[in-house]
Amino acid sequence: MDEPNIDNSEEEQKILADEGEEGEKKSSTPAQALPYPNQLYLLPLNRRPFFPGMAAPVVIEPGSFYEVLKIVAKTDHKCLGLFLTEKEDVNIYKIGISDLHRVGVVARILRIIPMEGGGAQVVLNMEKRVTIEKSVKSKYLYANVKYHDDTPLEHLSRELKAYSISIITTIKELLKLNPLFKEELQIFLGHSDFTEPGRLADFAVALTTASREELQDVLETFDIEKRIDKALLLLKKELDISKLQSTINQRIEATISKTQREFFLREQLKAIKKELGMEKDDKTMEAEKFEDRLKKRVVPDEVMKVIREEMDKLSTLEVQSAEYGVCRNYIDWLTSVPWGMYSKETHDIGKAEKVLEQDHYGLKDIKERILEFIGVGKLTGGVKGSIICLVGPPGVGKTSIGKSVARALNRKFYRFSVGGMRDEAEIKGHRRTYIGAMPGKMIQALKYSQTMNPVIMLDEVDKMGASYHGDPASALLEVLDPEQNKDFLDHYLDVPCDLSNVLFIVTANVLDTIPEPLKDRMEMLRLSGYIQAEKVEIAWKYLIPRNRKNMGLKAGDVVFTKGAIAQIINGYAREAGVRTLENNIKKILRKVAVKLAKSKEGKKTKAGKATITEKNLATYLGKPIFTSDRYYKVNPVGVATGLAWTSMGGATLYIEAVKYPAEKTEMKLTGQAGEVMKESAQIAWTYVQSHVDRYSPGTPFFEKSQIHIHIPEGATPKDGPSAGITMVTSLLSLLLNQPIRDNLGMTGELTLTGKVLPIGGLKEKLIAARRSQLNVLIFPKENLRDYDELPDYLKKGLEVHFVDYYDEVFKIAFPREGHHHAETKTSVARKKTRRAASS
């Protein structure tokens with residue numbers, strides 16, 4: 001059985017049953033003429049009690065209370081009692097009379113309106129207070145009751161009159177704040193008179209939103225003076241709440257009204273200005289902005305035709321349409337490209353040389369090539385058609401050289417990195433059919449620089465990727481080809497754009513990963529790195545002053561000795577560039593800055609000048625990371641020192657060989673060698689085995705021994721053919737049981753016949769040798785031309801040998817054995833001559 005919904009909200013008090021409605025049942029005798037019964041059926045109320053003098057509709061759903069309603073409807077008096085439950089949240093089907101308050105009201109049924117689906121809506125008239133005397137045994141809530149009438153007053157006392165006037169005055173104030181009370185008042189006036197203080201008190205309490213307990217307390221107050229006092233108190237509380245609510249509503253409405261008012265005024269002002277010609281709408285303003293841009297540009301006819309067509313299209317579109325935004329953005333980009341706008345170049349070679357010297361130390365060959373480049377531009381009227389690729393390890397100044405070139409030429413500079421780029425649309429733009437489409441980096445560079453002849457630097461071109469989106473390296477082929485880029489077509493703009501006046505500078509660490517067609521379009525300039533003397537000067541002239549200024553230090557606050565700088569380079573920063581060196585200098589300067597800041601906070605005497613020397617360097621940087629590149633001061637038997645090239649610059653490479661007894665003579669190679677290096681080891685093994693009698697006559701070739709060749713720093717991958725002669729020298733040292741000459745470094749590729757082939761990265765390897773204090777070097781003879789191009793300060797103090805065959809290497813690496821080997825060859829030749837003569 002569903003729980004009945006007894007709806008006694010005050011708002012429904014105004015609902016009265018219409019006359020003549022179907023299913024309604026009326027009492028045939030006037031209610032006032034019928035006596036009240038001594039026993040009543042009781043109807044429990046959950047929310048709030050009713051008061052005498054009220055008329056209210058109550059909805060009763062099918063169930064036990066609906067059965068009570070039918071029983072009462074058949075009686076002549078048609079009365080039932082309405083009582084509030086002791087607890088609000090209680091199941092009214094499971095309560096007894098003891099769960100009800102003792103005082104309620106007697107209500108007479110005025111009208112019953114059946115509802116669809118069962119149940120009925122009952123209009124009740126609350127007539128007087130009633131108390132439960134005694135429960136009567138019944139299936140339903142049924143009890144003996146006692147009725148209470150208000151004592152009639154012939155003359156109102158002054159106090160009651162004052163209470164009545166106060167209540168009426170308060171009700172009037174409530175009417176101003178809440179118009180809904182007006183309807184309640186009209187209903188009350190139809191049933192009562194304000195001359196009855198008791199009825200007035202009941203009506204006033206019924207208007208409030210007081211709690212069920214407060215209302216029940218008033219209902220149980222039979223004394224009129226006490227009742228009207230309590231009623232006035234509750235009414236005053238209600239007035240205060242209504243005033244607060246009104247204040248909040250007014251505040252909110254004022255804010256909303258102000259915003260609306262400002263909006264309407266703005267719209268009116270906009271309309272007035274538009275009528276007077278003082279202001280234009282958004283579409284007109286956009287069109288004028290585009291026209292102003294075009295006046296400052298020399299737009300090619302083909303491009304201008306597209307712009308005019310798009311502007312005509314834009315003028316027909318509504319601002320709110322989606323296509324308007326697409327069309328507007330397209331015209332914005334078309335007019336943002338600096339058509340016909342060029343930076344005024346300066347081809348002053350003296351100024352360019354001065355700029356390059358200011359920004360960089362050393363790099364003589366690079367500076368000469370850039371000056372040649374500018375000189376040609378001066379004669380031809382402009383630098384165009386060249387793409388320079390700066391190749392070198394990190395931190396050698398590739399990016400800063402690009403900035404210096406732009407400054408020397410008085411051109412705008414724009415840099416972006418293509419490292420990790422996987423989508424060719426980054427270069428050539430997205431097609432306009434895509435949401436959020438935009439031009440590629442080339443057009444963005446032109447818009448940013450606002451000139452058609454900027455210097456554009458493409459960083460990390462050797463680290464580009466490829467994916468299903470396309471290959472950006474292939475997209476760069478058109479950009480970096482002087483014959484094609486004069487009609488470069490961006491997918492977004494879809495009009496030709498001349499990039500032939502742009503100076504492209506490309507940077508890379510290695511050339512191996514750059515596609516050959518792309519390499520073919522670029523002129524390679526190698527930056528090999530710096531030797532210690534160059535690094536000391538760079539730190540002294542550039543790094544220390546710049547970072548000292550950045551950290552708020554003055555020249556007198558910190559001083560570096562050149563010995564300390566040299567120690568930083570040797571012990572902490574041995575890479576080819578100067579980035580690690582700069583980071584260590586920053587670390588020292590930060591520590592000095594902290595000491596200086598602490599001394600100022602403590603208001604002590606001024607901190608003294610910090611002098612960085614070799615002795616106190618460890619207090620700033622800790623223990624040195626590097627002690628020496630050389631594992632061996634004196635090479636043991638079987639160890640040879642080679643020279644290698646890496647993306648980080650040159651490095652020394654040790655080849656170690658040992659032998660141990662075994663049934664089968666064979667070689668094992670470890671040290672994470674690549675495929676090419678493994679082949680070099682096989683060639684070295686075969687060469688020594690086939691020429692063992694030449695270099696060590698009468699010595700068996702590692703009979704019943706296994707040879708283990710290892711390349712230290714096994715975690716580092718190694719590859720390349722230039723360790724060929726180093727591996728042969730290591731094996732011969734083991735075979736002869738004789739150590740190799742001290743301070744000797746070598747590099748060169750070896751063939752099976754003993755021919756020494758040229759290698760790459762000569763300058764880097766030479767720098768690595770100087771850093772490791774190797775003063776005797778062996779290079780392939782065909783690298784002599786590369787050596788001759790090196791500056792004299794790199795060659796100073798070195799004993800360099802250029803060899804064509806391995807025999808020459810053997811003489812240098814093993815001086816005594818080499819002399820004996822020469823004598824042996826002479827004696828063999830003499831014997832052959834004698835035999836020939838005798839025959």
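**Exercise 1.** State how many aromatic pairs the rule yields in this model, then classify the pair formed by Tyr36 and Tyr147.

Solution. The count comes to 17 aromatic pairs, in a model that is predicted. For Tyr36 and Tyr147, the ring centres lie 5.1 Å apart and the planes stand at 35 degrees. Planes under 30 degrees apart would count as stacked and over 60 as edge-to-face, so the pair is tilted.

**Exercise 2.** Locate Tyr36 and Tyr147 along the chain, and decide whether each is buried or partly exposed.

Solution. Tyr36 belongs to the segment before strand 1 (39–45), and Tyr147 belongs to strand 6 (residues 142–148). The two are 111 residues apart, and the pair links distant parts of the chain. Buried means under 20% relative accessible area. Tyr147 has 19% relative accessibility and therefore counts as buried. Tyr36 has a relative accessible area of 25%, so Tyr36 is partly exposed.

**Exercise 3.** Classify the pair of Phe810 and Phe814, and name the cluster that contains these rings.

Solution. The centres of the Phe810 and Phe814 rings are 5.2 Å apart, with planes at 45 degrees, so this pair is tilted. Both residues are buried. Ring pairs join Phe810 and Phe814 with Tyr687, Tyr695 and Tyr806 in a cluster.

**Exercise 4.** Identify the residues that lie over the faces of Tyr330 and Tyr787.

Solution. The cut-off for the distance to the ring centre is within 6 Å. Over the face of Tyr330 lies Arg432, at 3.8 Å from the ring centre. Over the face of Tyr787 lies Lys795, at 5.0 Å from the ring centre.

How values were computed
Residues numbered from 1 in each chain as written. Predicted model: local features only at pLDDT ≥ 70, side-chain atom pairs only at ≥ 80, totals over all residues. Heavy atoms only, no water. Phe/Tyr/Trp six-rings, centres within 6.5 Å; stacked < 30°, edge-to-face > 60°. Helix = DSSP H or I, 4+ residues; strand = E, 2+ residues; numbered from the N terminus. Buried < 20%, exposed > 50% of the residue type's maximum accessible area, 1.4 Å probe, protein only. Lys NZ or Arg CZ within 6 Å of the ring centre and 35° of its normal.
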